[in-house]
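I opened my notebook to work through this one from the ground up. Here is what I looked up, entry by entry.

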Amino acid sequence: MSDGAEADLGPTPEQELIARLRTRDLEALGEIYRLHGAAMTTLARSLLRDPEEAADAVEDSLLRIHDGAPRFRGERGLKTWALRIVANRCRDALRRRRFSAGPPEMQDPIAESGLRVDPVEQWDQAMDAPRLLAALERAIGALPAGQREAVVLRDRLGLSYEEVAEAMGASPTAVKSKLHRAREKLKQALREQFGE
Amino acid sequence: MIRDDDLSRLLGAVRADAEPALWTRVRARIEARPRAGVGGWWAWVMRPAALGASLAVFAGAVAVSAALVTTAPRALTDGSYESLTEALVADLNGSAAAAMPTPATPPAATPDSGGAR
């Protein structure tokens, strides 16, 4: 009975959006940017830590989405697909950066990366959140690229383990392992700076 | 000091906003691209035009060649030589002979070599 009820619902708004995107509808691409542009920008800036390079990555990713849309079958969600494309583009940029000097040490890693801080819910006021956040951001920057990507996708953007695995092109087990190691390193970095 | 849930909340508190100007740039880039359908049709139409242009260039080249032959030096075209190579070699020999110095004449002293000073 529930199957029949689901069949009567027709295509979801996301399926309709995918169908429009496949016909290279520019308005559909604009809607994807309105819906997921903030997540795409957050991912690019968190991984690249350079707002201009991140803007280039998001711009190229939107072009890739537009070009690749006719081949997108929609088996994974639009958001995951879009973030996968951004992550791939950022990985290419980081690979190219190996041959350059890379960005200098940041005084304010959050603002200089083009990121902003929302109020931390139910935060213990005795803990100095701005200093913790800055130290955490530096520690994220020091993580290996794969661990950084996993932490940002899971903890910053709130994707499920399966979605992170899809976006990274890895298995959920590998993602869980990367996340565990990344969180341990982040906690260790904070302990070293602020004590137990 | 930092628990797992604190870490997750700190990580989740940092984000970025989408840039509206970026979408404007992307849209402009896509709209500036040539459309595949129009490009294919245009290419098909251009095939006879390209053939015609090639024929015109060929006809022009033939006309220029003919004009050059009719205005070439008479020795090259009046049948004195068997081939163009012979005519050119003879012409080259003539030029070389004219340029060679006469062996009987001693070389003249340099009028002002600076040695007399």
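**Entry 1: the parts list.** Before reading off any order, I needed to know what an element is: helices (at least four residues) and strands (at least two) are DSSP runs, numbered from the N terminus. I also noted that this is a predicted model. With that settled, I read chain A from the N terminus on and wrote down α-α-α-α-α-α-β-α-α-α-α. That comes to 10 helices and one strand.

**Entry 2: chain A overall.** I looked up how much of chain A is buried, and 36% of its 196 residues count as such. Then I checked contacts between residues at least 6 apart in sequence: 71% of those in chain A join residues at least 24 apart.

**Entry 3: helix against helix.** I learned that two packed helices are described by the angle between their axes and the distance between the axes. My first pair was α5 (residues 78-97) and α9 (residues 161-168) of chain A, which pack at about 45 degrees with their axes 8 Å apart. That angle makes α5(A) oblique to α9(A), and their crossing is right-handed. On the α5(A) side I found A:T80, A:L83, A:R84 and A:A87, which meet A:E163, A:E166, A:A167 and A:M168 in α9(A). Sorted by class, the residues of this contact are four nonpolar, one polar and three charged.

My second pair was α7(A) and α10 (residues 172-194) of chain A, at an angle of about 130 degrees and with axes 9 Å apart. Is that roughly antiparallel or oblique? The roughly antiparallel class needs an angle over 145 degrees, so α7(A) and α10(A) are oblique to each other. The crossing is right-handed. Here A:L132, A:A135, A:L136, A:A139 and A:I140 from α7(A) meet A:K185, A:L186, A:A189, A:L190 and A:Q193 from α10(A). I tallied eight nonpolar, one polar and one charged residues in that contact.

**Entry 4: two odd phi values.** Most residues other than glycine have a negative phi. I came across A:R24 with a positive phi, near 60 degrees. A:R24 is in the loop between α2 (13-22) and α3 (26-48) of chain A. A:R49 also has a positive phi, near 55 degrees, and lies in the loop between α3 and α4 (51-68) of chain A.

Which of the classes buried, partly exposed and exposed fits A:R49? The cut-off for buried is 20 or more other C-beta atoms within 10 Å. A:R49 has 23, so A:R49 is buried. A:R24 has 15 C-beta neighbours inside 10 Å, so A:R24 counts as partly exposed.

**Entry 5: a proline in a loop.** I found A:P119 in the loop between β1 and α7 (129-142) of chain A. With 7 other C-beta atoms within 10 Å, A:P119 is exposed. I also looked up how far its C-alpha atom is from that of A:A129, 10 residues along the chain, and got 9.4 Å.

**Entry 6: where the chains meet.** The contact takes 38 residues from chain A and 23 from chain B. In chain B, the elements that give two or more residues to it are α1 (4-12), β1 (14-15) and α2 (20-32). By class, the chain B side has 13 nonpolar, two polar and eight charged residues.

How do β1 (residues 116-117) of chain A and β1(B) pair? They run in the antiparallel sense, over two bridges. Within that pairing, A:R116 stands opposite B:R15.

How values were computed:
Residues numbered from 1 in each chain as written. Chains lettered and ligands numbered in written order. Predicted model: local features only at pLDDT ≥ 70, side-chain atom pairs only at ≥ 80, totals over all residues. Contact = placed C-beta atoms within 7 Å. Nonpolar A, V, L, I, M, F, W, Y, C, P; charged D, E, K, R; others polar. Pairing = 2+ DSSP bridges. Axes fitted to C-alpha atoms, helices over the stretch in contact; angles between N-to-C directions. Parallel < 35°, antiparallel > 145°, perpendicular 65-115°, else oblique. Left-handed = near helix turned anticlockwise from the far one by under 90°. Buried ≥ 20, exposed ≤ 12 C-beta atoms within 10 Å, placed from the backbone.
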